Structure formats: structure tokens, C-alpha cells
Amino acid sequence: MRTRIPRDALMPTPILVSWSGGKDAAWTLHALQADPHYDVIGLLTTVTDEYDRVAMHGIRRDVLHAQAAAVGLPLIEARLPRGADNTTYEASFANALNAARERWPELQHIAFGDLFLADVRAYRDALCARFGWSPVYPLFGSDTHALADEMLASGLQATLCCVDTQQLDASFCGRAFDAALLDELPARVDRCGERGEFHTCVHAGPMLSRPLALHRGETVLRDGRFAFTDLLLAPLPSGEGAEGG
């Protein structure tokens with residue numbers, strides 16, 4: 001007599017990915033896409049209204065949307081005012097989670113790309129528990145030296161879009177995240193920037209169906225500390241329009 005397998009045991013768990021637009025979020029998505037236990041059904045990103053950019057990373061919203069289109073997943077935005085405090089952030093995050101659950105009522109899990117900071121993970125655990133969600137950390141505990149090499153070997157391409165100049169020289173901002181950069185990072189700087197030394201904007205890799213054509217704009221210093229390099233979508237070639245629907 002054949003053993004009957006419960007239907008739920010055959011169904012992968014639906015999950016959101018917290019998407020910053022950077023390499024760690026992209027690699028989190030890549031890891032989940034390779035895991036038969038999960039079905040990634042959407043991305044969630046925090047956007048600062050006044051700047052119309054991804055919070056912390058400074059990635060333009062049109063680049064963010066181009067990333068989501070290349071990934072092939074719907075995007076939910078948590079909107080924040082400039083200079084928002086933590087209470088405002090948490091309320092915005094909760095509203096975005098509620099919007100996701102209204103769209104996908106079965107959704108209970110969200111994945112984060114954290115690598116080794118236990119205090120950040122504990123904060124996310126507590127926050128998600130308050131809102132009735134279960135966090136997942138596919139990359140947590142990774143050796144970031146090996147992880148950076150694995151990303152590059154896969155064909156992932158990213159550019160440093162933000163540098164904390166109290167931890168890393170501003171000249172690194174706007175550079176490609178590649179082997180040459182990794183070789184030049186000071187020993188005190190984590191190779192994946194996990195302590196906030198730098199943030200990246202991913203524009204190619206196995207999680208994207210096509211590479212994004214970006215070109216480098218100006219680099220500015222904000223708050224006397226953070227260097228941001230503007231990355232802009234390259235215009236379409238002459239005679240090539242957007243895909244019709």
C-alpha cells in the first residue's frame with residue numbers, strides 16, 4: 001500500500017525577499033530560487049519618498065524597478081519620509097507586510113540577506129514576531145571571504161553605490177565589486193561590507209534574466225559621512241522602444 005504524502009508537504013513555502021538592490025539581497029534571492037522548499041513570490045523594498053531612491057543604498061527608483069523586472073517578480077514598496085525615525089520605519093514596514101499579505105494571504109515568511117551580525121538578526125526576529133511573520137536568513141553564518149568569491153564566480157556584477165567614509169575611503173565609491181576591489185580593501189573592511197562599510201547596486205547575475213545597462217553619474221557626500229555614486233539607466237538604443245503589453 002502506497003504511503004499518502006500530505007499535500008502541504010509537497011508545496012514549497014511562499015516567501016518575500018527583502019530587496020535592497022544590492023548583491024546580498026540578490027544572492028539571497030538566488031539561494032532561495034535554488035531551494036525547493038521555498039517559492040519566492042515577491043520583493044519588498046524601503047524607498048525614501050523625497051529622494052525617490054532605495055533607503056541607505058541610494059539606488060534610483062527606476063533602477064530598482066528595472067531590477068525587479070529583470071528578476072521577474074512583483075515589487076512592494078515601504079515608503080519613508082526623509083530622516084524617518086525607527087518608529088516611522090517600523091510602521092512603514094508593517095504596512096508593506098500587510099499589503100503583501102492582502103495580495104498573498106498564505107504568505108508568512110520574509111527573507112533577509114544578513115550575513116553575521118547577531119544584533120541585527122535579533123532585531124529583525126523581534127520585529128517580525130510582532131507583526132506575525134517568520135524571518136528567514138539563507139546566508140547567515142557565511143564566510144564572507146568565500147561568499148564574495150562565489151558571487152563573482154557566478155557572474156554577479158555590482159557597483160559600489162554608497163561608502164561610509166568613516167570606514168572606507170570615498171574613492172571606492174562607484175567602483176565595480178570585483179576581484180581587484182576585493183584585493184584592495186583594507187583588512188579591517190569586510191569583503192561583503194556587512195558592517196555597513198559599503199553598499200552595492202547589482203546589475204547582472206544568475207538571478208537576473210538580463211543585465212541592466214547602467215552608467216555612472218556624480219558622487220556626492222551626504223551628512224558629512226556617506227559618499228553616494230549616482231547610477232543611471234542607460235538610454236535605449238535609437239529605434240528601440242519599451243516592450244508593449
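**A walk from hairpin to helix**

In this predicted model, strand β9 (residues 214-222) and strand β10 (residues 226-233) run antiparallel and are joined by seven bridges. Follow the chain to the turn and you will find R222, whose bridge partner in β10 is F226. Three residues sit between the two strands of this hairpin, and D223 there takes a positive phi near 55 degrees.

Now let the hairpin lead you into its sheet. The sheet is open and has four strands, in the order β8-β7-β10-β9, with antiparallel pairing. At its edges stand β8 (198-204) and β9, each with a single partner strand, so one side of each is left without a neighbour in the sheet. Direction ignored, neighbouring strands here are turned by 25 degrees against each other on average. Strand β7 (residues 157-164) pairs with β10 over three bridges, in the antiparallel sense. Here C162 has F228 in β10 as its bridge partner. Helix α3 (residues 61-71) packs on the sheet, where the helix touches β8, β9 and β10. The direction of α3 makes about 60 degrees with that of β10.

C162 is a good place to pause if you are wondering about disulfides. This residue is buried, with a relative accessible area of 1%. Its closest cysteine sulfur is in C173, and at 6.3 Å from the sulfur of C162 this is too far for a bond, since a disulfide calls for sulfur atoms within 2.5 Å. The count for the model comes to zero disulfides. Another cysteine, C128, is also buried, at 0% relative accessibility.

Next, turn to helix α6 (residues 144-154). Its N-terminal end is capped by D143, which has a side-chain oxygen 2.9 Å from the backbone nitrogen of H145. Within the helix, T144, L147, A148 and M151 are buried. Looking down the axis of α6, you would see its buried residues fall within an arc of 100 degrees, so they line one face of the helix. What do these buried residues pack against? Their partners are α2 (23-33) and α7 (179-184).

A146 also lies in α6, but this residue is partly exposed, with a relative accessible area of 42%. From A146 to R191 the distance is 9.2 Å in space, C-alpha to C-alpha, although the two are 45 residues apart in sequence. After α6 comes G155, with a positive phi near 100 degrees.

Definitions and conventions: Residues are numbered from 1 along each chain as its sequence is written. This is a predicted model: local features need pLDDT of at least 70, side-chain atom pairs count only at pLDDT 80 or more; totals for chains, interfaces and linings use all residues. Side-chain values use heavy atoms; hydrogens and water are left out. Two strands pair if DSSP finds at least two bridges between them. Buried means under 20% relative accessible area, exposed over 50%, partly exposed in between (1.4 Å probe, protein chains only). The arc is that of the directions from the helix axis to the C-beta atoms. Contact means heavy atoms within 4.5 Å. A polar contact is a pair of N or O atoms within 3.5 Å; within protein, one must be able to donate a hydrogen and the other to accept it, and residues adjacent in sequence count only if both atoms are side-chain atoms. Axes are lines fitted to C-alpha atoms, for helices over the stretch in contact, and angles run from 0 to 180 degrees between N-to-C directions.
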